[in-house]
Amino acid sequence: MSGIYIHIPFCKKACHYCNFHFSTSSDYRERMVHAIAEELRLRKDEINEPIQTIYFGGGTPSIVEPSQIELLLDAIDKHYSIDTSPEITMEANPDDITKEYAADWKSMGINRFSIGVQSFSNIHLEWMNRAHNASQSLSCIDIIRSTGFENFSIDLIYGTPGQSTNDWKGDLEKAIALNIPHLSCYALTVEEQTPLFHLIEGGKKEKVNSDLQAEQFNLLVDITNAADYDHYEISNFALPGMKSKHNSAYWNGVPYLGVGPSAHSFQNNLRSWNISNNISYMQSIEKHARPFESEILSDIDQLNEYIMTKLRLEEGINSNIIMMKWGDDQLTRITKLMNRFIQEDKVEKIQEGWKLTKHGKFFADGIASALFQV
Ligand SMILES: C[S@@+](CC[C@H](N)C(=O)[O-])C[C@H]1O[C@@H](n2cnc3c(N)ncnc32)[C@H](O)[C@@H]1O
């Protein structure tokens, strides 16, 4: 089993909070798509198993012409062995989704969408500097459904300054009333080098209130639970049968090939990442050389990776696996730390290990780093 991630590094507008790699230029999109197709060709022998999941992420993949997405799918088809019914996801923004595009995407085999809704309130969308408004979100969901797509997710962001817990409740109730099959809900994080960071530093925007974010996370867990969503990863909630196969594979250490500028790949404990510069990426690929850096995960890196990913998942950390792979000393060290988190009601003991409590889930990143072997 393996997957392919394709990074389309373009967006219409720069969202103030976003730290992903993208450009708002529209000058060389076609050239970039050809370069990514060439990278797929160059790396065709890196993965020998059938591809079960393909994921177009970004940036905003829906910004390029459907024919350019098709060109990339054709390159995958030509150079890789694909499973009989792969999951093929595309991140799409509400302002790009038209009936014509949706029909084209369907005919080329896209069968899942991750839609960048972020909020159902225009005030919060403007605060984020989004390119769409709330009514576009509603109409794009109609288009997706009427084109025959049943498997889709929406991204929502909570904990934005100015967003009350009641506003967030309204967003969640809207998503549930719309019977959205999968929700990815993220607490707003302020990343350095984003416009948001500078706006807050300069006193032009209010700071994030982490107590309010924790309150909103609790509400998220309660409301989705009451609506029968499976909270299968800290930020991800699925109605029955609607979990993301691509992301689940990634969290379970399945190998994947990432193409396009800034894309990461992982196979046999080798992690590699392409350079995050569009022009340099294209120039290098056009000379048939993939511009990347890599690292081999040490034994300790693998342990830390295991802790970080499994802690975010409902299944939690398995103490037998820790003992078998990393030995008694690590198990003793981790058990001691876990006992402290159990007292703080952040972790609970399960049959063969530990998982986060509802209270602990909001602190997942901090708990994981406290458990890391450094
Ligand atoms: C790769 S991004 C872009 C997806 C899509 N192009 C869009 O603009 O909505 C994937 C998701 O990460 C989330 N995200 C990105 N930066 C974030 C931040 N600083 N805080 C919280 N969520 C963030 C957003 O919900 C976003 O939809």
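Is Arg290 buried or exposed? The exercises below treat this residue and several others.

The structure is a predicted model, in which local features need pLDDT of at least 70 and side-chain atom pairs count only at pLDDT 80 or more, whereas totals for chains, interfaces and linings use all residues. Residues are numbered from 1 along each chain as its sequence is written, and side-chain values use heavy atoms, with hydrogens and water left out.

**Exercise 1. Classify Arg290 by accessibility and describe its surroundings.**

Step 1. Buried means under 20% relative accessible area, exposed over 50%, and partly exposed in between (1.4 Å probe, protein chains only). Arg290 has a relative accessible area of 15% and is therefore buried.

Step 2. Arg290 belongs to the loop between α10 (278-286) and β12 (292-296); helices (H or I, at least four residues) and strands (E, at least two) are DSSP runs, numbered from the N terminus.

Step 3. A polar contact is a pair of N or O atoms within 3.5 Å; within protein, one must be able to donate a hydrogen and the other to accept it, and residues adjacent in sequence count only if both atoms are side-chain atoms. The side chain of Arg290 forms such a contact of 2.7 Å with the side chain of Asn274, and the side chains of Ser272 and Arg290 make a polar contact at 2.9 Å.

Step 4. Contact means heavy atoms within 4.5 Å. Not counting residues up to four places away in sequence, Arg290 touches residues including Glu39, Leu42, Arg43 and Glu46.

**Exercise 2. Locate Ser272 and state its accessibility class.**

Step 1. Ser272 is part of strand β11 (residues 270-274).

Step 2. Its relative accessibility is 4%, so Ser272 counts as buried.

Step 3. With residues up to four places away in sequence set aside, the residues touched by Ser272 include Arg43, His264, Arg290 and Phe292.

**Exercise 3. Characterise the packing of α1 against α10.**

Step 1. Axes are lines fitted to C-alpha atoms, for helices over the stretch in contact, and angles run from 0 to 180 degrees between N-to-C directions. The axes of α1 (residues 29-42) and α10 come within 9 Å and cross at roughly 50 degrees.

Step 2. Angles under 35 degrees count as roughly parallel, over 145 as roughly antiparallel, 65 to 115 as roughly perpendicular and the rest as oblique. The two helices α1 and α10 are therefore oblique to each other.

Step 3. The crossing of α1 and α10 is left-handed, a term for a near helix turned anticlockwise from the far one by less than a right angle, with right-handed used if clockwise.

Step 4. Among the residues making the contact are Ala35, Glu39 and Leu42 of α1 and Tyr281, Met282 and Ile285 of α10.

**Exercise 4. Determine how many disulfides the structure holds.**

Step 1. A disulfide is a pair of cysteine sulfur atoms within 2.5 Å. A search of the whole structure finds zero.

Step 2. For Cys11, the nearest cysteine sulfur is that of Cys18, 6.4 Å away. For Cys18, the nearest is that of Cys15, 6.1 Å away.

**Exercise 5. Identify the backbone features at Gly59, Asn179 and Asp228.**

Step 1. Most residues other than glycine have a negative phi, and most peptide bonds are trans.

Step 2. Gly58 and Gly59 are joined by a cis peptide bond with omega of about 20 degrees.

Step 3. Asn179, not a glycine, has a positive phi of about 55 degrees. With 46% relative accessible area, Asn179 is partly exposed.

Step 4. Asp228 has a positive phi near 70 degrees. Asp228 is exposed, at 58% relative accessible area.
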